[in-house]
Amino acid sequence: NCDAGQVRRAHAVASQGGLPLVANQLLVNLLVYASPKLQETLRTCRELNITVIGYSVIGQGLLCDGLTEDKREGARLTRMSGVTPAELEGVRRCIHSVGQKHGGRPMSQVALRWAIQRGIVPLVGVRRMAHLEDALAALQFELDPEDLQRLDASALGRHTFERPRWRRVLFVSLMSGLMAAHRVSGLFRSEVEV
């Protein structure tokens, strides 16, 4: 969840310690892809050879078939991003259209395939075997350059990077504290084991 500046700082610190920084887990989907700050972060990760692991690639169900108004209103991403129903519908129409072009592929498969072809490793949560099968089917086809351009053009730019900086600073500070505490507790455990 680090933006471009945080990635550069973390990479510098890791390099000084002789450790590689290998991944950055980010909110990445077509609701946020057009965010200038996200684009900068993705470029920085590519430049530094850092893998981007994308979570919420299907937008917490907002970018899937069968979306109801209740599901839309209840999705945390709707509140976090401030996406309007009209904006959401434009993105959904594009994903659906690309899916139809590829033999009626479900929207979730198109969204996952888009992420994969954009160099993002999607972090997929599955609750049922059907979800797993659906996710794996995204590996069985490819989007052509025109599809990717259409999907990119439909993308919105409502990323959490665009939110007030103090929230990100607080989050990163808390996560850093947790990681430090974990490291320290690991040191104590190894001393006890010796």
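Which residues does Asn24 touch, not counting residues up to four places away in sequence? In this predicted model, the partners of Asn24 are Asn1, Cys2, Val7, Thr41, Cys45, Ile50, Thr51, Val52 and Ile53. Asn24 belongs to strand β1, which covers residues 23–27, and its relative accessible area of 5% places Asn24 among the buried residues, because buried means under 20%. One of the residues it touches, Cys2, also offers its backbone oxygen, which lies 2.9 Å from a polar atom of the Asn24 side chain.

**Overall architecture**

The protein contains 9 helices and 3 strands, and along the sequence these follow the pattern α-β-α-β-α-α-α-α-β-α-α-α. Of its 194 residues, 36% count as buried. Among the contacts with a separation of 6 or more, 78% are made by residues 24 or more positions apart. The protein exposes about 11,200 Å², and carbon and sulfur atoms supply 57% of that area.

**Salt bridges**

The count of salt bridges comes to 5, and the table lists three pairs, including the closest N to O distance for each.

| Pair | N to O distance | Separation in sequence |
|---|---|---|
| Arg8 and Glu47 | 3.0 Å | 39 residues |
| Lys101 and Asp144 | 2.7 Å | 43 residues |
| Lys101 and Asp147 | 2.8 Å | 46 residues |

The side chains of Arg8 and Glu47 meet in a salt bridge, at 3.0 Å from N to O, and this pair links distant parts of the chain, with Arg8 in helix α1 (residues 4–16) and Glu47 in helix α2 (residues 36–47). As for solvent accessibility, Arg8 counts as partly exposed at 38% relative accessibility, whereas Glu47 is exposed, with a relative accessible area of 55%.

Asp144 and Lys101 form another salt bridge, in which the closest N and O atoms are 2.7 Å apart. Here too the pair links distant parts of the chain, since Asp144 sits in the loop between α7 (129–137) and α8 (145–154), while Lys101 is in helix α5 (residues 85–101). Asp144 is partly exposed, with a relative accessible area of 27%, and Lys101 is likewise partly exposed, with a value of 42%.

Lys101 also forms a salt bridge with Asp147, with the closest N and O atoms 2.8 Å apart. Because Lys101 lies in helix α5 and Asp147 in helix α8, this pair ties together parts of the chain that are 46 residues apart in sequence. Asp147 has 0% relative accessibility and therefore counts as buried. Through salt bridges that share partners, Lys101, Asp144 and Asp147 are joined into one network.

**A nonpolar surface patch**

Which residues form the nonpolar patch on the surface? The patch is made up of Val124, Val126, Met129, Leu132, Leu136 and Leu139, which together have about 530 Å² of accessible area. Met129, one of these residues, is found in helix α7 and counts as exposed, because its relative accessibility of 55% lies over the 50% cut-off.

Note on methods
Residues numbered from 1 in each chain as written. Predicted model: local features only at pLDDT ≥ 70, side-chain atom pairs only at ≥ 80, totals over all residues. Heavy atoms only, no water. Salt bridge = Lys/Arg side-chain N within 4 Å of Asp/Glu carboxyl O. Helix = DSSP H or I, 4+ residues; strand = E, 2+ residues; numbered from the N terminus. Buried < 20%, exposed > 50% of the residue type's maximum accessible area, 1.4 Å probe, protein only. Polar contact = N/O pair within 3.5 Å; in protein donor to acceptor, adjacent residues only side chain to side chain. Contact = heavy atoms within 4.5 Å. Patch = residues over 30% accessible without salt bridge, like charges linked within 9 Å, V, L, I, M, F, W, Y side chains within 5 Å. Areas by Shrake-Rupley, 256 points an atom, 1.4 Å probe, with all protein chains shown as cover.
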